[in-house]
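User: I have a model open and would like to talk through how its helices pack. Could you start with one helix pair and then take my questions as they come?

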Amino acid sequence: MISLRRHVLTLVAVFLALAVGVVLGSTSVATSIRDAVVDREETTAGRLESAEQELSRTRLEAERLNSMVGDLTPAVADGRLSDRPVLVVVAPGASAEEADAVSEAVAAAGGIDAGRIRLTDRAVDPEADSELAALVANLPIGTAPAPDADLGTQLGTALGRAALLRSEDAEPHLPDDDRATVLTTLSDAEMIEFEPGTIRPGQVVVVVTGPGTEESTAVRIASLARTLDDEGAGVVLVSGIASGNGPDALLVLRSSGQDDVSTVDNVGTEAGQLAAVLALAEQLERGQGDYGLRHDATAAAAPVPPTPTR
């Protein structure tokens, strides 16, 4: 017969063995988990390092290509816009630096500075629509747009008549006094801003817009660009690089299937500025295209035309 003392010792030994097994098992599991986590961290770190290296290479390639374009731009752009007056219209939210860069690129291509008009926030504010419509209806612009025309068309008509040359004969739409009245009235109503004495009738227009905006603003700017194209000899709508997924005027134009206004989506780069110059030259020949780096662009830039003869 087993004594009580021996029975107790046996139970103690059993529980001690179980405890040791649990400890050893837990240590083994913990080690396995730790090893798996370390392996995963090393894999993630490796992938991150590889992605960073690839991004660095891509940036370096882009910088070198952009630098090369900058070096080639004077030779390629020289004379493309010789003696052509180019008006710059800047939409709300657009970069002032990009507008300056476009003006410099136009000047380098021989274009004449026809001035810069900045649209204010009121020009695209739905709450000011009735005031804008009333203003345009009473301006001395000749045949007014239809009363039910959208506000982009109405504002574009007023600006086009006051600040552009007719495409058919390169003559102003309006007498100088009426041109001044239209621009001053829109300025006094805080719809536009411009430096007095700097606006002369332009032949073609660059509309500089931001990469993303309210949908209603995007639609209005796109409509204004199309209307300016009707009133003058061509329009190029430009913006900085954007994904093309948000509501912007470039997306509105490109998705509409229109084939009048040209677009450039990377004007913040030297490549984009050259593309804008080539697009303006193409517009003067009544060509059109969507240029840049976005998925909805059809090419990086317009084809380079033959070197102008002098």
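Analyst: Bear in mind that this is a predicted model. A good pair to begin with is helix 3 (residues 129–137) and helix 4, whose axes come within 10 Å and cross at roughly 40°.

User: What does that angle make helix 3 and helix 4 to each other?

Analyst: Angles under 35 degrees would count as roughly parallel and those from 65 to 115 as roughly perpendicular, so helix 3 and helix 4 are oblique to each other. The crossing in which helix 3 passes helix 4 is left-handed.

User: Which residues make the contact?

Analyst: On helix 3 the contact is made by Asp129, Leu132, Ala133 and Val136, and on helix 4 it is made by Leu151, Gln154, Leu155 and Ala158. Sorted by class, the contact of helix 3 with helix 4 has six nonpolar residues, one polar and one charged.

User: OK, on to the core. Which residues touch the most other members of the largest nonpolar core?

Analyst: Those are Leu119, Leu159, Leu186 and Leu228, in a core that has 42 residues. Helix 4 (residues 151–163) gives the most to this core, contributing six residues.

User: And what is Leu186 in contact with, leaving aside its neighbours within four places in sequence?

Analyst: With those neighbours set aside, Leu186 is in contact with Leu132, Leu135, Leu139, Leu155, Ala158, Leu159, Met191 and Ile192. There is also a second, separate core of 30 residues, which includes Val90, Val102, Val106 and Val208.

User: Switching to the backbone, what is phi of Asp83?

Analyst: Phi of Asp83 is near 65°, which is a positive value in a residue other than glycine. Asp83 lies in the loop between helix 1 (4–77) and strand 1 (85–90).

User: Is Asp83 buried or exposed?

Analyst: Exposed, because its relative accessibility is 58% and the cut-off for that class is over 50%.

User: Where does Ala170 lie, and what is its phi?

Analyst: Ala170 lies in the loop between helix 4 and helix 5 (176–188), and its phi is near 55°, again a positive value in a residue other than glycine. Ala170 has 36% relative accessibility and therefore counts as partly exposed.

User: Last one, for the whole protein: how many helices and strands, and what share of the residues count as buried?

Analyst: The protein has eight helices and seven strands, and 42% of its 310 residues count as buried. Among contacts in the protein with a separation of 6 or more, 76% are accounted for by residues 24 or more positions apart.

Methods
Residues are numbered from 1 along each chain as its sequence is written. This is a predicted model: local features need pLDDT of at least 70, side-chain atom pairs count only at pLDDT 80 or more; totals for chains, interfaces and linings use all residues. Side-chain values use heavy atoms; hydrogens and water are left out. A nonpolar core is a set of buried Ala, Val, Leu, Ile, Met, Phe, Trp, Tyr and Cys residues joined through side-chain atoms within 4.5 Å. Buried means under 20% relative accessible area, exposed over 50%, partly exposed in between (1.4 Å probe, protein chains only). Helices (H or I, at least four residues) and strands (E, at least two) are DSSP runs, numbered from the N terminus. Contact means heavy atoms within 4.5 Å. Axes are lines fitted to C-alpha atoms, for helices over the stretch in contact, and angles run from 0 to 180 degrees between N-to-C directions. Angles under 35 degrees count as roughly parallel, over 145 as roughly antiparallel, 65 to 115 as roughly perpendicular and the rest as oblique. A crossing is left-handed if the near helix is turned anticlockwise from the far one by less than a right angle, and right-handed if clockwise. Ala, Val, Leu, Ile, Met, Phe, Trp, Tyr, Cys and Pro count as nonpolar, Asp, Glu, Lys and Arg as charged, and the others, Gly among them, as polar.
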